[in-house]
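Reader: I'm new to reading protein structures. Could you take me through one part of this one slowly?

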Amino acid sequence: MARASAADRLTEHYAGAGELPACTVLSGDEILLLTEAADAYRAAALRLGCAERTHLVMDARSDWSTALAASQNTSLFGDLRLLEISVPTGKPGKTGADTLQKLAAMAGDGHLPDVRILIRLPQLDRATQQAKWVQVLKAGAAWTDIPSIPRTALPDWIAARLERQGHTADAETLAWLADKVEGNLLAAHQEIQKLALLHPAGPLGLEQVQAAVLNVARYNLYDLRDAMLLGQADRALTVLRGLQAEGEALLLVLWAVGEEIRILARLAPHARSGLDAALRAQRLFGAREKLARQALARVPAAAWAPALRHAHEIDRIIKGIPVAGRLQDPWDELERLVMRIATAGSPRR
(Lines give C-alpha, C1' and ligand atoms only; values in the text may rest on other atoms or scores of the structure.)
Protein backbone atom coordinates (compact mmCIF):
# COMPACT_ATOMS: atom_id res chain seq x y z
CA MET A 1 0.00 0.00 0.00
CA ALA A 2 1.30 3.45 -0.93
CA ARG A 3 2.23 5.71 1.95
CA ALA A 4 -0.25 8.54 2.53
CA SER A 5 1.05 12.10 2.23
CA ALA A 6 0.89 14.57 5.10
CA ALA A 7 -2.04 16.30 3.37
CA ASP A 8 -3.93 13.01 3.01
CA ARG A 9 -3.34 12.18 6.66
CA LEU A 10 -4.74 15.59 7.60
CA THR A 11 -7.95 15.04 5.63
CA GLU A 12 -8.29 11.60 7.25
CA HIS A 13 -7.85 13.22 10.67
CA TYR A 14 -10.67 15.67 9.99
CA ALA A 15 -12.90 12.85 8.76
CA GLY A 16 -12.71 11.18 12.17
CA ALA A 17 -12.38 14.24 14.39
CA GLY A 18 -14.71 14.43 17.38
CA GLU A 19 -13.98 18.13 17.92
CA LEU A 20 -12.32 21.00 16.13
CA PRO A 21 -9.93 23.55 17.67
CA ALA A 22 -11.39 26.99 18.29
CA CYS A 23 -8.98 28.44 15.70
CA THR A 24 -7.25 26.54 12.87
CA VAL A 25 -4.71 27.76 10.32
CA LEU A 26 -3.98 25.92 7.07
CA SER A 27 -0.98 27.14 5.10
CA GLY A 28 0.39 25.88 1.79
CA ASP A 29 1.17 26.69 -1.85
CA GLU A 30 -0.28 23.55 -3.44
CA ILE A 31 -3.80 24.62 -4.37
CA LEU A 32 -5.20 21.11 -4.65
CA LEU A 33 -3.92 19.98 -1.26
CA LEU A 34 -4.93 23.18 0.52
CA THR A 35 -8.40 23.03 -1.02
CA GLU A 36 -8.87 19.38 -0.09
CA ALA A 37 -7.78 20.04 3.50
CA ALA A 38 -10.17 22.98 3.78
CA ASP A 39 -12.99 20.90 2.27
CA ALA A 40 -12.34 18.14 4.82
CA TYR A 41 -12.32 20.69 7.63
CA ARG A 42 -15.64 22.15 6.46
CA ALA A 43 -17.18 18.68 6.23
CA ALA A 44 -16.05 17.97 9.79
CA ALA A 45 -17.42 21.33 10.97
CA LEU A 46 -20.79 20.57 9.38
CA ARG A 47 -20.85 17.09 10.91
CA LEU A 48 -20.07 18.58 14.32
CA GLY A 49 -22.89 21.11 14.15
CA CYS A 50 -21.60 24.18 12.31
CA ALA A 51 -24.78 25.00 10.49
CA GLU A 52 -23.72 28.46 9.30
CA ARG A 53 -20.58 29.48 7.40
CA THR A 54 -19.17 32.92 6.68
CA HIS A 55 -16.30 33.08 4.20
CA LEU A 56 -14.21 36.25 3.83
CA VAL A 57 -11.40 36.76 1.29
CA MET A 58 -9.13 39.45 2.74
CA ASP A 59 -5.92 41.36 2.08
CA ALA A 60 -4.15 44.44 3.38
CA ARG A 61 -6.76 46.76 1.85
CA SER A 62 -9.83 44.94 3.15
CA ASP A 63 -12.19 46.18 5.82
CA TRP A 64 -11.16 43.86 8.62
CA SER A 65 -13.94 45.08 10.88
CA THR A 66 -16.20 42.70 8.92
CA ALA A 67 -14.20 39.75 10.26
CA LEU A 68 -14.66 40.90 13.86
CA ALA A 69 -18.34 41.56 13.22
CA ALA A 70 -18.80 38.10 11.71
CA SER A 71 -17.29 36.53 14.82
CA GLN A 72 -19.82 38.34 17.02
CA ASN A 73 -22.94 37.44 15.06
CA THR A 74 -25.10 35.01 16.95
CA SER A 75 -26.85 32.07 15.38
CA LEU A 76 -30.64 32.23 15.32
CA PHE A 77 -30.80 28.67 16.59
CA GLY A 78 -27.78 28.64 18.87
CA ASP A 79 -25.78 26.40 16.52
CA LEU A 80 -22.04 26.42 16.00
CA ARG A 81 -20.83 28.74 13.24
CA LEU A 82 -17.80 28.55 10.96
CA LEU A 83 -15.87 31.73 10.19
CA GLU A 84 -13.45 31.11 7.32
CA ILE A 85 -10.91 33.78 6.44
CA SER A 86 -8.76 33.39 3.32
CA VAL A 87 -5.70 35.62 2.89
CA PRO A 88 -4.43 34.51 -0.56
CA THR A 89 -1.59 37.06 -0.60
CA GLY A 90 -0.34 36.07 2.86
CA LYS A 91 -0.14 39.81 3.61
CA PRO A 92 -3.04 40.94 5.82
CA GLY A 93 -1.54 44.38 6.53
CA LYS A 94 -1.30 45.91 10.00
CA THR A 95 -5.04 46.06 10.65
CA GLY A 96 -5.49 42.54 9.35
CA ALA A 97 -2.60 41.23 11.42
CA ASP A 98 -4.03 42.84 14.54
CA THR A 99 -7.47 41.40 13.77
CA LEU A 100 -6.16 37.88 13.23
CA GLN A 101 -4.30 38.04 16.52
CA LYS A 102 -7.40 39.31 18.30
CA LEU A 103 -9.60 36.59 16.82
CA ALA A 104 -7.10 33.88 17.76
CA ALA A 105 -6.86 35.26 21.30
CA MET A 106 -10.64 35.49 21.70
CA ALA A 107 -11.07 31.95 20.41
CA GLY A 108 -8.28 30.62 22.61
CA ASP A 109 -9.70 32.31 25.71
CA GLY A 110 -13.12 30.79 25.15
CA HIS A 111 -14.80 34.10 24.27
CA LEU A 112 -16.18 32.66 21.02
CA PRO A 113 -17.63 29.35 22.22
CA ASP A 114 -20.08 28.99 19.33
CA VAL A 115 -17.55 29.86 16.59
CA ARG A 116 -14.89 27.82 14.86
CA ILE A 117 -12.34 29.88 12.92
CA LEU A 118 -10.48 28.60 9.87
CA ILE A 119 -7.71 30.79 8.44
CA ARG A 120 -6.25 29.91 5.02
CA LEU A 121 -2.83 31.20 4.02
CA PRO A 122 -0.30 30.49 1.26
CA GLN A 123 3.14 29.22 2.19
CA LEU A 124 4.69 32.27 3.83
CA ASP A 125 8.11 33.61 2.92
CA ARG A 126 10.85 33.65 5.54
CA ALA A 127 10.40 37.29 6.48
CA THR A 128 6.65 36.95 6.98
CA GLN A 129 7.13 33.84 9.10
CA GLN A 130 8.98 35.99 11.61
CA ALA A 131 6.15 38.54 11.89
CA LYS A 132 4.47 38.90 15.26
CA TRP A 133 1.01 37.99 13.98
CA VAL A 134 2.32 34.71 12.56
CA GLN A 135 4.08 33.85 15.81
CA VAL A 136 0.90 34.61 17.77
CA LEU A 137 -1.18 32.39 15.49
CA LYS A 138 1.34 29.58 15.69
CA ALA A 139 1.27 29.76 19.48
CA GLY A 140 -2.48 30.15 19.92
CA ALA A 141 -4.07 28.32 17.00
CA ALA A 142 -3.84 24.84 15.53
CA TRP A 143 -1.41 25.72 12.73
CA THR A 144 -0.71 23.18 9.98
CA ASP A 145 1.72 23.70 7.11
CA ILE A 146 0.65 21.57 4.16
CA PRO A 147 3.84 20.61 2.31
CA SER A 148 3.98 20.31 -1.45
CA ILE A 149 4.66 16.91 -2.99
CA PRO A 150 8.28 16.76 -4.19
CA ARG A 151 8.86 15.37 -7.66
CA THR A 152 10.55 12.27 -6.24
CA ALA A 153 7.47 11.46 -4.16
CA LEU A 154 4.94 12.05 -6.93
CA PRO A 155 4.69 8.39 -8.06
CA ASP A 156 3.83 7.34 -4.49
CA TRP A 157 1.26 10.14 -4.25
CA ILE A 158 -0.33 9.03 -7.51
CA ALA A 159 -0.34 5.40 -6.30
CA ALA A 160 -2.15 6.40 -3.10
CA ARG A 161 -4.75 8.34 -5.07
CA LEU A 162 -5.28 5.40 -7.42
CA GLU A 163 -5.75 3.07 -4.44
CA ARG A 164 -8.57 5.28 -3.18
CA GLN A 165 -10.58 4.40 -6.27
CA GLY A 166 -9.60 0.74 -6.31
CA HIS A 167 -6.82 0.95 -8.90
CA THR A 168 -3.23 -0.20 -8.79
CA ALA A 169 -0.35 0.42 -11.17
CA ASP A 170 3.23 -0.80 -11.41
CA ALA A 171 6.29 1.39 -10.90
CA GLU A 172 6.82 1.97 -14.63
CA THR A 173 3.25 3.19 -15.12
CA LEU A 174 3.43 5.47 -12.07
CA ALA A 175 6.74 6.95 -13.23
CA TRP A 176 5.34 7.57 -16.72
CA LEU A 177 2.26 9.34 -15.36
CA ALA A 178 4.39 11.41 -12.98
CA ASP A 179 6.55 12.54 -15.92
CA LYS A 180 3.50 13.52 -17.96
CA VAL A 181 1.92 15.74 -15.31
CA GLU A 182 5.34 17.30 -14.56
CA GLY A 183 4.65 17.98 -10.89
CA ASN A 184 1.23 19.58 -11.50
CA LEU A 185 -1.01 17.99 -8.86
CA LEU A 186 -4.19 19.43 -10.35
CA ALA A 187 -3.34 17.80 -13.66
CA ALA A 188 -2.51 14.53 -11.91
CA HIS A 189 -5.80 14.70 -9.99
CA GLN A 190 -7.74 15.16 -13.23
CA GLU A 191 -5.99 12.24 -14.91
CA ILE A 192 -6.64 9.96 -11.93
CA GLN A 193 -10.32 10.89 -11.90
CA LYS A 194 -10.53 10.24 -15.63
CA LEU A 195 -9.06 6.77 -15.15
CA ALA A 196 -11.81 6.04 -12.62
CA LEU A 197 -14.41 6.87 -15.27
CA LEU A 198 -12.72 4.84 -18.00
CA HIS A 199 -11.68 1.68 -16.17
CA PRO A 200 -13.18 -0.53 -13.46
CA ALA A 201 -11.33 -1.15 -10.23
CA GLY A 202 -8.24 -3.31 -10.52
CA PRO A 203 -4.74 -3.10 -11.98
CA LEU A 204 -4.01 -0.54 -14.69
CA GLY A 205 -1.49 -1.27 -17.41
CA LEU A 206 0.87 1.26 -18.95
CA GLU A 207 -0.94 1.16 -22.30
CA GLN A 208 -4.29 1.87 -20.65
CA VAL A 209 -2.91 4.88 -18.81
CA GLN A 210 -1.07 6.18 -21.87
CA ALA A 211 -4.20 5.92 -24.02
CA ALA A 212 -6.24 7.86 -21.45
CA VAL A 213 -3.70 10.60 -20.81
CA LEU A 214 -2.58 11.19 -24.39
CA ASN A 215 -6.15 11.48 -25.64
CA VAL A 216 -6.63 14.92 -24.06
CA ALA A 217 -5.12 18.36 -24.19
CA ARG A 218 -1.55 18.06 -22.96
CA TYR A 219 -0.64 21.70 -22.60
CA ASN A 220 -1.98 24.73 -20.80
CA LEU A 221 -1.22 28.42 -20.54
CA TYR A 222 0.67 27.95 -17.29
CA ASP A 223 3.07 25.56 -19.02
CA LEU A 224 3.76 28.23 -21.63
CA ARG A 225 4.25 30.98 -19.05
CA ASP A 226 6.61 28.91 -16.94
CA ALA A 227 8.76 27.76 -19.86
CA MET A 228 9.00 31.26 -21.31
CA LEU A 229 9.98 32.90 -18.02
CA LEU A 230 12.43 30.14 -17.10
CA GLY A 231 14.22 30.54 -20.44
CA GLN A 232 13.28 27.02 -21.60
CA ALA A 233 13.04 27.99 -25.25
CA ASP A 234 12.54 24.51 -26.74
CA ARG A 235 9.81 23.64 -24.27
CA ALA A 236 8.10 27.01 -24.69
CA LEU A 237 7.96 26.48 -28.44
CA THR A 238 6.63 22.93 -28.01
CA VAL A 239 3.90 24.09 -25.64
CA LEU A 240 2.88 27.02 -27.85
CA ARG A 241 2.59 24.79 -30.91
CA GLY A 242 0.71 22.24 -28.81
CA LEU A 243 -1.80 24.88 -27.73
CA GLN A 244 -2.27 25.90 -31.36
CA ALA A 245 -2.78 22.29 -32.46
CA GLU A 246 -5.30 21.70 -29.68
CA GLY A 247 -7.38 24.68 -30.82
CA GLU A 248 -6.67 27.06 -27.97
CA ALA A 249 -7.98 30.57 -28.70
CA LEU A 250 -5.18 32.75 -30.03
CA LEU A 251 -6.42 35.83 -28.18
CA LEU A 252 -6.35 33.93 -24.89
CA VAL A 253 -2.80 32.72 -25.49
CA LEU A 254 -1.67 36.23 -26.43
CA TRP A 255 -3.37 37.62 -23.33
CA ALA A 256 -1.54 35.12 -21.09
CA VAL A 257 1.84 35.92 -22.65
CA GLY A 258 1.20 39.66 -22.81
CA GLU A 259 0.00 39.87 -19.20
CA GLU A 260 3.22 38.29 -17.93
CA ILE A 261 5.29 40.67 -20.04
CA ARG A 262 3.22 43.65 -18.87
CA ILE A 263 3.77 42.77 -15.20
CA LEU A 264 7.49 42.22 -15.67
CA ALA A 265 7.81 45.48 -17.59
CA ARG A 266 6.42 47.21 -14.50
CA LEU A 267 8.82 45.34 -12.23
CA ALA A 268 11.94 45.81 -14.35
CA PRO A 269 12.76 49.35 -13.09
CA HIS A 270 12.81 47.97 -9.55
CA ALA A 271 14.98 44.93 -10.28
CA ARG A 272 18.04 46.47 -8.60
CA SER A 273 16.26 48.25 -5.75
CA GLY A 274 12.82 47.98 -4.20
CA LEU A 275 11.89 44.73 -5.91
CA ASP A 276 10.28 43.22 -2.82
CA ALA A 277 7.80 46.07 -2.52
CA ALA A 278 7.15 46.06 -6.28
CA LEU A 279 6.38 42.34 -6.22
CA ARG A 280 3.93 42.88 -3.38
CA ALA A 281 2.27 45.70 -5.30
CA GLN A 282 1.78 43.36 -8.27
CA ARG A 283 0.52 40.64 -5.90
CA LEU A 284 3.15 38.11 -6.89
CA PHE A 285 3.86 35.51 -4.24
CA GLY A 286 5.15 31.99 -3.91
CA ALA A 287 5.89 30.21 -7.18
CA ARG A 288 4.94 33.23 -9.33
CA GLU A 289 7.27 35.47 -7.35
CA LYS A 290 10.11 33.00 -7.86
CA LEU A 291 9.42 32.89 -11.61
CA ALA A 292 9.39 36.68 -11.83
CA ARG A 293 12.68 37.02 -9.96
CA GLN A 294 14.36 34.47 -12.22
CA ALA A 295 13.08 36.17 -15.37
CA LEU A 296 14.14 39.62 -14.19
CA ALA A 297 17.60 38.32 -13.36
CA ARG A 298 17.98 36.74 -16.82
CA VAL A 299 16.28 39.20 -19.16
CA PRO A 300 17.80 42.69 -19.55
CA ALA A 301 15.54 45.39 -18.13
CA ALA A 302 15.53 47.23 -21.46
CA ALA A 303 13.98 44.21 -23.21
CA TRP A 304 10.59 44.32 -21.52
CA ALA A 305 9.13 47.52 -23.01
CA PRO A 306 9.86 46.49 -26.65
CA ALA A 307 8.44 43.05 -25.90
CA LEU A 308 5.24 44.66 -24.63
CA ARG A 309 4.99 46.71 -27.84
CA HIS A 310 5.50 43.47 -29.77
CA ALA A 311 2.48 41.96 -27.96
CA HIS A 312 0.34 44.98 -28.89
CA GLU A 313 1.41 44.62 -32.51
CA ILE A 314 0.35 40.96 -32.56
CA ASP A 315 -3.04 42.05 -31.25
CA ARG A 316 -3.30 44.40 -34.24
CA ILE A 317 -2.39 41.57 -36.63
CA ILE A 318 -5.12 39.39 -35.12
CA LYS A 319 -7.58 42.21 -35.83
CA GLY A 320 -6.48 42.29 -39.47
CA ILE A 321 -4.25 45.36 -39.27
CA PRO A 322 -0.88 44.79 -41.00
CA VAL A 323 2.20 45.83 -39.02
CA ALA A 324 5.41 46.71 -40.83
CA GLY A 325 8.21 44.28 -40.10
CA ARG A 326 5.88 41.63 -38.65
CA LEU A 327 4.69 38.34 -40.12
CA GLN A 328 1.15 38.06 -41.43
CA ASP A 329 0.34 34.93 -39.43
CA PRO A 330 -0.22 35.99 -35.77
CA TRP A 331 0.66 32.52 -34.46
CA ASP A 332 4.05 32.75 -36.17
CA GLU A 333 4.59 36.22 -34.76
CA LEU A 334 3.58 35.01 -31.31
CA GLU A 335 6.29 32.35 -31.60
CA ARG A 336 8.77 35.16 -32.21
CA LEU A 337 7.58 36.99 -29.11
CA VAL A 338 7.76 33.92 -26.88
CA MET A 339 11.26 33.13 -28.18
CA ARG A 340 12.25 36.75 -27.64
CA ILE A 341 11.64 36.36 -23.90
CA ALA A 342 12.72 32.72 -23.57
CA THR A 343 16.10 33.35 -25.22
CA ALA A 344 16.80 36.83 -23.84
CA GLY A 345 20.04 36.97 -21.89
CA SER A 346 21.19 33.65 -23.33
CA PRO A 347 24.71 33.52 -24.80
CA ARG A 348 24.86 33.70 -28.58
CA ARG A 349 25.67 30.43 -30.30
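Reader: Why does the sulfur of cysteine 23 form no bond with the closest cysteine sulfur?

Author: Happy to, and keep in mind that this is a predicted model. It helps to recall that a disulfide is a covalent bond between the sulfur atoms of two cysteines. For cysteine 23, the closest cysteine sulfur belongs to cysteine 50, and because 13 Å separates the two, that is too far for a bond. To count as a disulfide, the sulfur atoms would have to be within 2.5 Å. Turn it around and look from cysteine 50: the nearest cysteine sulfur is that of cysteine 23, 13 Å away, and cysteine 50 is in no disulfide. In fact, the structure holds 0 disulfides.

Now, are these two cysteines buried or exposed? Cysteine 23 is buried, with a relative accessible area of 4%, and cysteine 50 is buried too, at 7%. The cut-off for that word is under 20%.

While we're on buried residues, have a look at arginine 120. This residue sits in strand 4, which covers residues 115–121. Its relative accessible area is 17%, so arginine 120 counts as buried. If you skip its neighbours within four places in sequence, arginine 120 is in contact with several residues, including Leu26, Leu34, Arg42 and Glu84.

Finally, the nonpolar cores. The largest one has 44 residues, and Leu267, Trp304, Leu334 and Val338 touch the most other members. Helix 13 gives the most to this core, with 9 residues. A second, separate core has 39 residues, among them Leu20, Leu33, Ile146 and Ile192.

Technical notes
Residues numbered from 1 in each chain as written. Predicted model: local features only at pLDDT ≥ 70, side-chain atom pairs only at ≥ 80, totals over all residues. Heavy atoms only, no water. Core = buried A, V, L, I, M, F, W, Y, C linked by side-chain atoms within 4.5 Å. Buried < 20%, exposed > 50% of the residue type's maximum accessible area, 1.4 Å probe, protein only. Helix = DSSP H or I, 4+ residues; strand = E, 2+ residues; numbered from the N terminus. Contact = heavy atoms within 4.5 Å.
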